[in-house]
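Thanks for sharing this one. Here are my notes, meant to be read with the structure open beside you.

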Amino acid sequence: MHIFYAPDISGNTYILDEKESKHSIRVLRMTRGTAVRLIDGRGNLYEGYISDADSRRCMISISEVKTDYEKRNYRLHIAISPLKNPDRFEWFVEKSVEIGVDEITPLICKNTEKQSVKQDRINNIIVSAMKQSIKATTTVLNEPCSFKDIIASSGEGIKMIAHCSNSTKRLKISDVYRKNENALILIGPEGDFNDDEISAALSNSYIPVHLGSSRLRTETAGVAACHSIYFINQ
């Protein structure tokens with residue numbers, strides 16, 4: 001069943017914009033009575049059907065609303081360094097949204113080479129991944145934030161920093177995280193966090209963790225951290 005993103009939905013009907021209408025009627029060959037789903041990014045999933053198969057203003061009638069659709073009992077925030085190759089960062093965003101992440105912050109560290117991301121493009125990737133994985137709540141993409149500012153913020157729940165240095169003992173995520181807890185996890189850049197950043201994080205109550213014995217790329221580490229929290233909560 002096809003899913004549409006409808007952030008401005010209200011009432012018992014919804015009209016797709018011209019681009020979506022044309023795609024639905026002329027490309028997908030949908031007709032009157034075709035069952036569809038809508039998500040609004042606010043946690044609601046709408047079951048409906050096409051009531052007017054107009055290729056310019058396709059109208060959908062809502063038959064059922066499921067509120068708090070698959071709402072999780074925890075919030076996951078991943079602050080992760082942007083990458084020199086933007087495709088890798090976008091891959092991380094896509095996969096972490098599919099698994100389940102509530103908030104992503106591009107984290108600017110000492111070793112971060114690229115200090116910006118394409119917000120509009122990434123938000124489009126978030127919407128696409130939401131539809132693919134049937135998520136009804138939008139993942140929040142924050143503006144890039146410095147390492148100093150992120151560790152100085154109050155954070156939420158348990159706070160972890162995943163790094164590769166042997167300067168301090170690192171624990172498995174499963175040793176420090178408990179089911180239904182909120183979590184904030186820091187993932188460093190290519191080249192990892194430097195010693196000063198690790199020390200500063202530990203001084204701000206961050207727990208050092210590892211993601212296994214393999215040395216992972218930044219984007220892989222981000223997905224591994226996301227899946228670790230997801231798996232513990234199953």
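The points below go from the overall layout to the sheet, the core and a few side-chain details.

1. Overall layout. Please keep in mind throughout that this is a predicted model. The chain has 7 helices and 13 strands, and its C-alpha trace spans about 65 × 35 × 30 Å along the principal axes. Of the 234 residues, 47% are buried. Among contacts with a separation of 6 or more, 76% are between residues 24 or more positions apart.

2. The open sheet. Five strands make up an open sheet in the order E1-E3-E4-E5-E2, and the pairing is mixed. Strand E1 (3–5) and strand E2 (13–15) are at the edges with a single partner strand each, so one side of each has no neighbour in the sheet. On average, neighbouring strands here are turned by 40 degrees against each other, direction ignored.

3. Pairing inside the sheet. Strand E3 (residues 35–39) runs antiparallel to strand E4 (residues 45–52), with 5 bridges between them; in this pairing Ala35 stands opposite Tyr49 of E4. E4 and E5 are also antiparallel, joined by 7 bridges, and a hairpin of 6 residues connects the two. If you would like a place to start looking, Leu45 has Lys66 in E5 as its bridge partner. At the edge, E2 is joined to strand E5 (residues 59–66) by 3 bridges, again antiparallel, and Thr13 faces Ser61 of E5.

4. A helix on the sheet. Which strands does helix H3 touch? Helix H3 (residues 119–133) packs on the sheet against E1 and E3, and its direction makes about 150 degrees with that of E1.

5. The nonpolar core. The largest nonpolar core has 39 residues, and Leu76, Val93 and Met160 touch the most other members. Elements that give two or more residues to this core are strand E6 (76–80), H2, H3, strand E10 (158–162), helix H5 (173–176), E12 and helix H7 (218–232). H3 therefore deserves a second look, as a contributor to this core that also packs on the sheet.

6. Around Leu76. Leaving aside residues up to four places away in sequence, Leu76 touches Gly100, Val101, Asp102, Glu103, Ala183, Ile185, Cys226 and Ile229. It is a handy residue to centre the view on, as one of the three that touch the most other core members.

7. Aromatic pairs. How many aromatic pairs does a search of the whole structure find? There are 2. Phe89 and Phe92 form a tilted pair, 6.0 Å centre to centre with 55 degrees between the planes. These two lie about one helical turn from each other because they are 3 residues apart in helix H2 (residues 86–99). Both Phe89 and Phe92 are buried. Phe147 and Phe193 form a tilted pair as well, at 5.5 Å centre to centre and 55 degrees between the planes. This pair links distant parts of the chain, 46 residues apart: Phe147 is in helix H4 (residues 147–152), while Phe193 is in the loop between strand E12 (183–187) and helix H6 (195–203). Phe147 and Phe193 are both buried too.

8. A charge over a ring. Finally, have a look at Arg72, which lies over the face of Tyr74 at 5.6 Å from the ring centre.

Note on methods: Residues are numbered from 1 along each chain as its sequence is written. This is a predicted model: local features need pLDDT of at least 70, side-chain atom pairs count only at pLDDT 80 or more; totals for chains, interfaces and linings use all residues. Side-chain values use heavy atoms; hydrogens and water are left out. Rings of Phe, Tyr and Trp (its six-membered ring) pair if their centres lie within 6.5 Å; planes under 30 degrees apart count as stacked, over 60 as edge-to-face and the rest as tilted. Helices (H or I, at least four residues) and strands (E, at least two) are DSSP runs, numbered from the N terminus. Buried means under 20% relative accessible area, exposed over 50%, partly exposed in between (1.4 Å probe, protein chains only). A charge sits over a ring if NZ of Lys or CZ of Arg is within 6 Å of the ring centre and within 35 degrees of the ring normal. Two strands pair if DSSP finds at least two bridges between them. Axes are lines fitted to C-alpha atoms, for helices over the stretch in contact, and angles run from 0 to 180 degrees between N-to-C directions. Contact means heavy atoms within 4.5 Å. A nonpolar core is a set of buried Ala, Val, Leu, Ile, Met, Phe, Trp, Tyr and Cys residues joined through side-chain atoms within 4.5 Å.
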